[in-house]
Each structure stands twice: as structure tokens, then as C-alpha cells.
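Please look over the sequence and the model shown here before reading the notes on its interior and its surface.

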Amino acid sequence: GVFMPPMHPTTEDPTLAIHRDLELMELLDDLGYDEAWIGEHHSGGWEIHGSPELFIAAAAQRTKHIRFGTGVVSTPYHHPYMVAERIRNLDHLTRGRLMFGMGPGSLPSDAHMMGIEPSRVRDLLEDSIDPIVRLLNGETVTQKTDWFTLQDARLHFLSYKEEGIELAVASQVSPTGSQLAGKFGMGLLSLGAT
């Protein structure tokens, strides 16, 4: 597989870069790659996809076999219900070729732009995982924290596949991701975790 933030020079035309990334997904599919992980970034300049879900939706329409993973959706930047809803829809758009990776967000400048204290993102990630997983499992969720409220929340429909979506959490600097992967029984995206 391939992990693709993706990175592009800031002097490059973003439209050309995005379309080249889509062409790369087609090539990886033709070459028999099993999976591609696409990241979410907002402030670094080099990593230009602000929504891995949008990119994956477009790439899935151009490919037949390769599985796509969000590498990652930075859950502290999104309401948990909206994350679960987008992931469920993308699961069906890809006909079950989706893997859902989530994390705290790796760029403090992303959090800063949204008014989130960078020191809180790992706690916000932990707060969001349980309701997201429960929603994706078809449960009705009522939960209130200091940053989100869910009232009798449930998704429109179940997963494309009976076994659901493969879930993973990122671990980059701290042990938080590894601990959460164990706590919730998810896979681990080890991004420089050494």
C-alpha cells in the first residue's frame, strides 16, 4: 500500500496536483496495490487535501480494486456525528473499499486556526472515538461533552459490508494513539511512532 499525505511544492498549481494525485490512484489500482491512505491537513501548505473523504470519493470512481483509507480524519476538528455520517456515506460510495483512520491532527497550526488549543487535541480525539464507533456500529447515541452534544443520534443506514468498516487510529508522537487502538480494538497507523 501507500500512505500519501500528499505533499506538493507550494509553487505547484493545486488543480494539477490534485488531478495528478487522482491519476496516481488509478495507476496504483492498475499495478495491484492493496490500499492507499490519504491525509487531512489545513495549514502546512504542502499537504493540500483538506478532506480525505472528498478525494477518496473521486478516486473510488476511477478505480476498481484498491481500498482507500483516511489517513487520517482529524476528529477534534469535526463533530463526531458528522464524521460518522460522512464515513458511512463514503463506505457505500466505495462499495466497502473504505478504511477509516482517525487521529488528533499532527499540525498545531491546524488546531490554532480553528481556535483549538493544540494541547487538547489528543483528549478531543479520545472523546470522539467512542461515539463515532458506536454510531458506525448502528447504535443510537446520547452523549454530552464540553465540545459536542449527541441526542438520540443514529445514522441513516448500516455499513455496506456486514462486518463493518476497518478502523484505525494514528500514533505519531505520544503513546495516546497506541493506547486508544488497544482500548477500542482498532488498528494502528504508526506514523513515526518510534
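## Contacts around T75

Two residues are in contact when heavy atoms of each lie within 4.5 Å of one another. In this predicted model, and leaving aside residues up to four places away in sequence, T75 touches M102, G103, L125, S128, I132 and W147.

T75 is found in the loop that runs between strand β3 (67-74) and helix α3 (80-93). Because its relative accessibility is 0%, and buried means under 20%, T75 counts as buried. With one of the residues that it touches, S128, the side chain of T75 makes a polar contact from side chain to side chain, at 2.8 Å.

## The nonpolar interior

In soluble globular proteins, nonpolar side chains tend to be buried together. Here the largest nonpolar core has 39 residues, and those with the most contacts inside it are M25, F68, F100, I129 and L136. The element that gives the most to this core is helix α5 (residues 121-136), with 6 residues.

I129, again not counting residues up to four places away in sequence, touches M102, V169, L180, F184 and M186; M102 is also among the residues that T75 touches. A second core, separate from the largest one, has 6 residues, including W37, V72, M99 and A170.

## A nonpolar patch on the surface

At the surface, L24, L27, L31 and Y33 make a nonpolar patch of about 360 Å². One of these residues, L27, lies in helix α1 (residues 14-30), and because its relative accessibility is 45%, L27 counts as partly exposed.

Terms used:
Residues numbered from 1 in each chain as written. Predicted model: local features only at pLDDT ≥ 70, side-chain atom pairs only at ≥ 80, totals over all residues. Heavy atoms only, no water. Patch = residues over 30% accessible without salt bridge, like charges linked within 9 Å, V, L, I, M, F, W, Y side chains within 5 Å. Areas by Shrake-Rupley, 256 points an atom, 1.4 Å probe, with all protein chains shown as cover. Salt bridge = Lys/Arg side-chain N within 4 Å of Asp/Glu carboxyl O. Helix = DSSP H or I, 4+ residues; strand = E, 2+ residues; numbered from the N terminus. Buried < 20%, exposed > 50% of the residue type's maximum accessible area, 1.4 Å probe, protein only. Polar contact = N/O pair within 3.5 Å; in protein donor to acceptor, adjacent residues only side chain to side chain. Core = buried A, V, L, I, M, F, W, Y, C linked by side-chain atoms within 4.5 Å.
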